[in-house]
Amino acid sequence: MEKIEKRVSSLPLHEVQVQTLRANINRIHSLFHTIAVLCLFYYRLSHLIHAESVPTWPWILLFSSEFILGFIWFLTQAFRWRPVSRAAFQDRIDPNTTDLPGVDVFVCTADPTKEPTLEVMNTVLSSMSLDYPPEKLSVYLSDDGGSSLTLFGIKEAGVFARSWIPFCRNYGIKTRCPEAYFTGTFSDDERIHRSDLFKADEEQIKAKYKHFKDSVEKASENAATSQDRAPQIEIICGNDGTSDLPRLVYVSRERRPTYPHRFKAGALNALLRVSGIISNAPYILVLDCDMYCNDPTSAKQAMCFHMDPKISPSLAFVQFPQIFYNVSKNDIYDGQARSAYKTKWQGMDGLRGPVLSGTGFYLKRKALYGTPKQEDVYITEPKSCFGPSTKFIKSLHQDYEGDDDKDSSTNSSLLQEARFLASCAFEKNTQWGDRIGFSYQCLLESTFTGYLLHCKGWTSVYCFPSKPCFLGCTTINMKDALVQALKWCSGLFQVGISKYSPLTYGMSRMSALQSMCYAYFTMQPLFALALIIYGVIPQLYLVKGIPLYPKVSDPWFAVFAIVYVSALCQHLAEVLTSGGTLLTWWNEQRIWMIKSVTANFFGCLDVIMKWIGVTKASFRLTNKVIDTEHQKKYEKGVFDFEGATTFMIPLIILVILNLGCFLLGARRVLIDKSYEEMFGQVFLSFIILVLSYPILEGIVTRKKGGI
């Protein structure tokens, strides 16, 4: 490890800057808003105890809703306490150094019908083309569908890589995803001024890519997966000294109906073991199959942190943001996740580091085996922890660099052992998925594993360079957006009410602020309960003419107004300072309400049903196929509810209820002239209807894509 962590430059390889002004403003606002919220709580409780005219149950329900909103808001203040920004200087790494550590790239795919094979192969090719010594780079593709199409595709990709990678190196191509390069959208500006030789070579490469693309697309007509299969592992491109290419390995782990599948976590753990006996790189890059490498220098940027001896001993991973190439200017579904990647991750980076985001992170292999101070704590009883493979146990030692596959007999023995490591029975009576590797306790394997790493004392850093290192494809219709949100909410809420809750388990193992950040993620699904109460109770009592808020002339009304305006202003300030617009702010407000009442509600319901044993855990794969019609609607800012009607039922009921109550309540207010008493409830119902305009429009039009 000393060799890996040796500095390769006298200048610092990275720097960190605390955003002091932003932090101070956040702290002042937090104090101000907290006082206002406490005053609001005092108003509710004091009137509940002393006022005889207060309707008891509606008052209690509203206080419960306001308490949930206030509690979750309080948790978010941890993100705003100490935001930092970092910069990596990969140009300070000596290009002739031999001290760069090895990197194994893990790409996971499961279904070629939802994750197009051509897109997956573009991710693989961009990974193989990283600006990194090829002898220290290996790419592993996990095919959890066991599809012959995926195997065919990776073989074709291996052939094309023999031309594509030298072309990128010879001409210094920066956009190394073939599809992105040849579409022209992300092409390099300097190609305009290239020589005739470059243009001739480019035309040859373009023709080869067209042949590769046509072959894969033609084969895609017969896509099929297998749910009952033996393990299959093939080394497509061997790092055997005869070619200057990274190693490329296809891995399809065994799958049997009688064994638990473990979804993506199981696939990643199988890759950990298989790669351990082949290349055993000390660092791992994990990528979703639709998240390609946009900047070939990402590995060197990550090593600027991992190679720093001051932070490396406890540094588990370097997380890059998820940036999406298909986000429209009018991002109606908040596909860019601005709040996460431009606010929350920076805030966590100022504590002990951001959460593991599922893709785009460079992870220290040994971090998955123990704690920073005792990385080999489980090696004292290796077989009971890691399984019966002697070859894999050998890979746990720091000086083991994997087997050389030059000799055919060695290669055959190596593949046989790799198939054993990828078998269903291998993990039986071991610690895989528990104390070793990616955790099986939660379907959000990366997020939960990152949480456990922080609990064990590991740290992480967040690197957000000006040029996105990874680009992916976001959801462009309501159904996929809600399926994705439901998956997150269900997994996180399950952690929140388990023995691993950040409010208990986390608080005893890491700082209070870091625990608050994780608690926010796990408690966020409770927004559903708070918003449903706020969207039903005041409206029903508006029709009855019973006030649940202070009069406009009452000083207590100012408390409610301050809390509401203060929260809106804080959100608006964060949007504007992170490069957003008023339209971004409005879209985020609207989709937050929609997802809270729909995805969060069904996420909580899903956890409760699993808890009582009604349903089993299931992995919901997001559709990555881009539909032209969906894309057009998304670009125009038109909501597409096709296939999402079931998800929308709670919100549809809420919207219809608000519409009826608003009309009847407004009529009653006009007749009774109770403007001051009922203003709060009228305003609340009106705001809900304004935010719900797309749902009303979808109900009225009822055409394709409507409700």
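This text walks through the domains, sheets and cavities of one predicted model.

Start with the overall layout. The domain assignment of the protein chain gives two parts. Domain 1 covers 20-82 + 494-703. Domain 2 covers 98-187 + 195-398 + 407-491. The centres of the two domains, taken over C-alpha atoms, are separated by 36 Å. The domains also touch: 66 residues of domain 1 are in contact with 60 residues of domain 2.

Next, look at the sheets. Strands of a sheet pair through backbone hydrogen bonds, and this pairing is either parallel or antiparallel. One open sheet here has 8 strands. Trace them in the order β5-β6-β4-β3-β7-β11-β9-β12. The pairing in this sheet is mixed. At its edges stand β5 (232-237) and β12 (459-462). Each of these has a single partner strand, so one side of each is left without a neighbour in the sheet. Neighbouring strands of the sheet are turned against each other by 20° on average, direction ignored.

Now zoom in on the edge at β5. Its pairing with β6 (residues 247-252) is antiparallel and runs over 5 bridges. To find one bridge, pick I233, whose partner in β6 is V251.

Helices pack on this sheet too. Helix α3 (residues 117-128) touches β3 (103-109), β4 (137-143), β5, β6 and β7 (283-288). The direction of α3 makes about 165° with that of β4. Helix α4 (residues 148-171) also packs on the sheet. Its contacts are with β3, β4, β5 and β6. The direction of α4 makes about 15° with that of β5.

There is another open sheet, with 3 strands. Its order is β8-β13-β10, and its pairing is mixed. The edge strands are β8 (292-293) and β10 (323-324), and each pairs on one side only. Follow β10 to β13 (residues 470-472): these strands pair in the parallel sense over 2 bridges. Here F324 has G472 in β13 as its bridge partner.

Finally, turn to the empty space inside. Rolling a probe the size of a water molecule over the atoms shows where empty space is left. The structure holds 4 cavities of 30 Å³ or more. The largest has a volume of about 70 Å³. Residues that line it include A367, L368, D434, R435 and K456. By class, this lining has 5 nonpolar, 3 polar and 3 charged residues.

The second largest cavity holds about 60 Å³ of space. Its lining is made of T447, F448, Y451, L492, V495, P502, Y518 and T522. By class, that gives 6 nonpolar, 2 polar and no charged residues. Three helices each supply at least two residues of this lining: α13 (445-455), α14 (478-496) and α16 (512-523). The largest share, 3 residues, comes from α13.

Where does the second largest cavity lie with respect to domain 1 and domain 2? Both domains give residues to its lining, so the cavity lies between them. This brings the tour back to the two domains.

Notes: Residues numbered from 1 in each chain as written. Predicted model: local features only at pLDDT ≥ 70, side-chain atom pairs only at ≥ 80, totals over all residues. Heavy atoms only, no water. Pairing = 2+ DSSP bridges. Helix = DSSP H or I, 4+ residues; strand = E, 2+ residues; numbered from the N terminus. Axes fitted to C-alpha atoms, helices over the stretch in contact; angles between N-to-C directions. Contact = heavy atoms within 4.5 Å. 1 Å grid on protein atoms, 1.4 Å probe; cavity = no way out; pocket = protein on both sides within 12 Å on 5 of 7 lines; lining within 4 Å. Points joined across faces, edges and corners; volume = space filled by probe spheres on them. Nonpolar A, V, L, I, M, F, W, Y, C, P; charged D, E, K, R; others polar. Domains from an automatic or database assignment.
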